[in-house]
Amino acid sequence: MRMVVAALAGALAITAGCGADSSERDPRPGLTATLPTITAAPVTYPGEQWKSDPRGDWSRLDQTLKRDSSSCVVVVKNGVLVHEAYFNGGTPNGQVKVYSITKSLTALLTGMKIDDGDLTLDEPAVRRIPEWRGGDSADVRVRDLLAMTSGRQWSEATDRTLIRSAPDQTAYAIGLPQASKPGERWVYDNAAPQVLEQLFGGDVIAFAQRRFLEPLGMRHTNWPTDRAGNATMYSGVTSTCRDLARVGYLVMRGGQWAGDRLVSADFIAEMTAPSSKLNAAYGLLWWSNAEGRVIEVLRQAGFAQDKAPYRGRLAPNVPADASWAFGYGNQYIAVVPSEGVVAVRLGRRPTSPDRVTFDSFTSAVLAGLETS
């Protein structure tokens with residue numbers, strides 16, 4: 001029987017969520033700096049290729065993913081590739097647009113800038129955005145932009161303009177008005193993480209290549225720019241299941257990669273923990289499995305209707321230390337440190353929001369491994 005070690009479960013337990021008028025801005029609500037316990041096993045990192053040791057029963061998972069428009073799935077256990085499969089025209093090196101998984105990569109880059117001392121989570125973004133001086137956005141912190149609690153204006157119309165027609169997406173995102181005070185609301189917003197591009201103060205893609213993509217060996221991942229040459233921080237990256245499994249493994253190893261510290265353990269812990277009581281399921285551009293008030297983003301994932309906020313966990317059948325990078329169409333990087341597991345699913349949107357969910361995908365991966 002699988003042993004579940006949920007080291008963050010108690011630390012991340014959250015009381016009933018505040019309503020939309022909450023003004024609490026505790027920067028680390030219920031957070032301990034302790035990372036989830038990683039299963040005791042020899043530490044293995046991939047070189048140019050993953051070490052492979054196929055095991056488990058994947059017939060049910062693969063059948064489901066193929067039917068639900070997936071192009072690939074990769075499962076890694078303790079740094080070893082135990083399963084991969086390709087469907088519907090997918091190939092090992094075939095790049096897929098991963099949509100908002102880009103946000104989660106942006107979070108890791110931001111953590112690196114913080115580790116370098118170039119940013120802090122709690123500094124006002126206005127220090128690097130002169131357009132906000134003396135205005136309603138002067139109190140927005142870097143943390144707020146990462147946590148989806150910035151209070152910046154969001155609507156479907158502004159989102160469409162940002163994505164489809166704004167030639168300079170950073171300038172457009174910065175120029176939007178402030179809709180509420182920071183920390184009062186949780187709103188899934190593409191423009192807020194795009195503002196981070198200005199805070200980097202240089203070529204984001206060159207930084208990503210040097211500090212992230214090359215060290216991890218992500219040879220089949222590309223980061224795009226808008227028409228003004230700005231890196232798109234909220235969406236647009238194209239990648240593969242194998243490359244994104246490297247991202248998940250970096251997170252599972254607490255920011256370490258083959259003897260090098262790429263991101264601090266403290267930042268990884270904070271990134272994958274709830275960033276506010278308004279949504280226990282959201283950290284810093286990563287999704288969390290903590291208990292509390294949960295808001296999902298079904299419309300932003302491509303489905304017709306959101307569900308009402310609820311109390312519980314995003315994936316109740318998965319260990320509480322799980323976290324995810326998540327993109328439009330139910331693209332996933334799933335990380336379960338207590339099980340030593342990383343899993344990636346890429347592909348087109350399933351026909352229903354009830355298919356290939358945080359819970360069903362991740363629990364099916366863990367069930368497949370139980371037979372090995």
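Here are three short exercises, with worked solutions, on a predicted model.

**Exercise 1. In what order do the strands of the open sheet lie, and which strands stand at its edges?**

Let's start with the order. The open sheet is built from 6 strands, lined up as S2-S1-S12-S11-S10-S7, and their pairing is antiparallel. Next, look at the two ends of that row: S2 (80–86) and S7 (287–288) are the edge strands. Each of them has a single partner strand, so one side of each is left without a neighbour in the sheet.

Now zoom in on one pair. S1 (residues 70–77) runs antiparallel to S2, and 6 bridges link the two. If you want a spot to find on screen, try Val 73, which sits opposite Ala 85 in S2.

**Exercise 2. Which strands do helices H2 and H9 meet?**

Take H2 to begin with. This helix (residues 59–67) packs on the sheet and touches S1, S2 and S12 (341–347). Its direction makes about 150° with that of S1.

Then move on to H9 (residues 241–252). Helix H9 lies across S1, S2, S10 (323–327), S11 (331–336) and S12. Its angle to S12 is about 145°.

**Exercise 3. What lines the second largest cavity, and how do the lining residues split by class?**

Count the cavities before picking one: there are 5 of 30 Å³ or more. The second largest has a volume of about 50 Å³.

Now list its lining: Met 148, Thr 149, Ser 150, Gly 151, Arg 152, Arg 185, Val 187 and Asp 189. Finally, sort these residues by class, and you get 2 nonpolar, 3 polar and 3 charged. Gly goes with the polar group in this scheme.

How values were computed:
Residues numbered from 1 in each chain as written. Predicted model: local features only at pLDDT ≥ 70, side-chain atom pairs only at ≥ 80, totals over all residues. Heavy atoms only, no water. Pairing = 2+ DSSP bridges. Helix = DSSP H or I, 4+ residues; strand = E, 2+ residues; numbered from the N terminus. Contact = heavy atoms within 4.5 Å. Axes fitted to C-alpha atoms, helices over the stretch in contact; angles between N-to-C directions. 1 Å grid on protein atoms, 1.4 Å probe; cavity = no way out; pocket = protein on both sides within 12 Å on 5 of 7 lines; lining within 4 Å. Points joined across faces, edges and corners; volume = space filled by probe spheres on them.
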